[in-house]
Amino acid sequence: MIKHEQGGPAGLFLTLEGPDGAGKTTQARLLQERLQALGKEVLLVREPGGTAVGEIIRGLLLDPRYPEMTVACEVLLYSAARAQLVVEQIRPALARGAVVISDRYWDSTLVYQGLAGREDLAMIQSINFWATGGLAPHRTFLLDLEAEKGLLRVRGAKGDLRPAGGDRIEQRELDFHRRVRRGFLELASWEQKRICVIPADKAAPLVHDCIWEKVIPLLQ
Ligand code: T5A
């Protein structure tokens, strides 16, 4: 088992994870506002992205013109963006004593490319350890939501309310997202101390209250 360094020297490193549409971005912003209201310095970053290099990698990863991209290629690109983010943004902020909130981190690669994408999990762990210098979050909030509901939220936000499922492609997509949800829950069962499962099927302020309750003791 790889030994991770937790959170860096001084600050607090929090990550939000979960299936597409679980509400990570919404919760990251609410948490940022709440912490800032207490006078904390907060760095909010998203993955993939968060740096000039990382945003270019993000564009490549999410570009529908490259359906031939292999899962191994995805692992390397997500990890490359993460390596840049850790050195350029996360470590300096932690060294200043800031709270860092990352909208996704290495658990997403373990789940999307590993447990759901069926790439070699041990290899993904090693690559991520190397890419980040072993920097683990102090706490991870896993927003748990049924795949169908998450996809419907995202499609609703884009003005397309067709339910997930139906034709072959949509069905395959749904199967993948169901594996993602199960994968995150499996990961949480392996790392119960770090990963808190937060039920995300309720109004955003209520989800925030659940997260906040678990953040307070970390601020002492
Ligand atoms: N990926 C990423 C990998 O495969 N491997 C990796 O290593 C990494 C890092 C990123 C994609 O890359 C994959 C995962 C992703 O597929 P993205 O566009 O950044 O792409 O996608 P997500 O991170 O999944 O972001 P989403 O925007 O899809 O979902 P969020 O952030 O979970 O949800 P949010 O907050 O944007 O909300 C979505 C909609 O739901 C509403 C919001 O208002 C919004 O309209 N909403 C709620 N509605 C009802 N109740 C609530 N509680 C709600 N909370 C939010």
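This report describes the surroundings of the ligand in a predicted model, then one aromatic pair and two backbone features.

Residues are numbered from 1 along each chain as its sequence is written, and side-chain values use heavy atoms, with hydrogens and water left out. Because the model is predicted, local features need pLDDT of at least 70 and side-chain atom pairs count only at pLDDT 80 or more, while totals for chains, interfaces and linings use all residues.

**Ligand site**

The space taken by the ligand is the largest pocket. A shell of 22 residues surrounds the ligand, and K24, T25, T26, R104 and T109 come nearest; a residue is near the ligand if one of its heavy atoms lies within 4 Å of it. By class, this shell has eight charged (Asp, Glu, Lys, Arg), seven nonpolar (Ala, Val, Leu, Ile, Met, Phe, Trp, Tyr, Cys, Pro) and seven polar residues (the others, Gly among them).

Helices α1 (24–37), α3 (71–95), α4 (106–115) and α6 (147–157) each supply at least two shell residues. The most come from α4, with four. Helices (H or I, at least four residues) and strands (E, at least two) are DSSP runs, numbered from the N terminus.

The table gives polar contacts of the ligand, a polar contact being a pair of N or O atoms within 3.5 Å.

| Protein atom | Ligand atom | Distance |
|---|---|---|
| K24, polar side-chain atom | oxygen | 2.5 Å |
| T26, polar side-chain atom | oxygen | 2.6 Å |
| K202, polar backbone atom | nitrogen | 2.8 Å |

Taken alone the ligand exposes 1000 Å², of which the protein buries 75%; accessible areas come from the Shrake-Rupley method with a 1.4 Å probe.

**Aromatic pair**

The whole structure holds four aromatic pairs, counted when ring centres lie within 6.5 Å. In one, the ring centres of F13 and Y105 are 5.0 Å apart and the planes are at 80°, so the pair is edge-to-face (planes over 60 degrees apart). F13 belongs to strand β2 (residues 12–17) and Y105 to the loop between β4 (99–103) and α4, so the pair ties together parts 92 residues apart in sequence.

**Backbone features**

Most residues other than glycine have a negative phi, and most peptide bonds are trans. R104, in the loop between β4 and α4, is not a glycine but has a positive phi of about 85°. The peptide bond from E47 to P48 is cis, with omega near -15°. P48 is in the loop between β3 (42–46) and α2 (52–62).

Definitions and conventions:
A polar contact is a pair of N or O atoms within 3.5 Å; within protein, one must be able to donate a hydrogen and the other to accept it, and residues adjacent in sequence count only if both atoms are side-chain atoms. On a 1 Å grid over the protein atoms alone, a cavity is a set of points where a 1.4 Å probe fits but cannot get out, and a pocket is an open set with protein on both sides within 12 Å along at least five of seven lines; lining residues have an atom within 4 Å of a point. A molecule sits in a cavity or pocket if more than half of its atoms lie within 2 Å of its grid points. Rings of Phe, Tyr and Trp (its six-membered ring) pair if their centres lie within 6.5 Å; planes under 30 degrees apart count as stacked, over 60 as edge-to-face and the rest as tilted.
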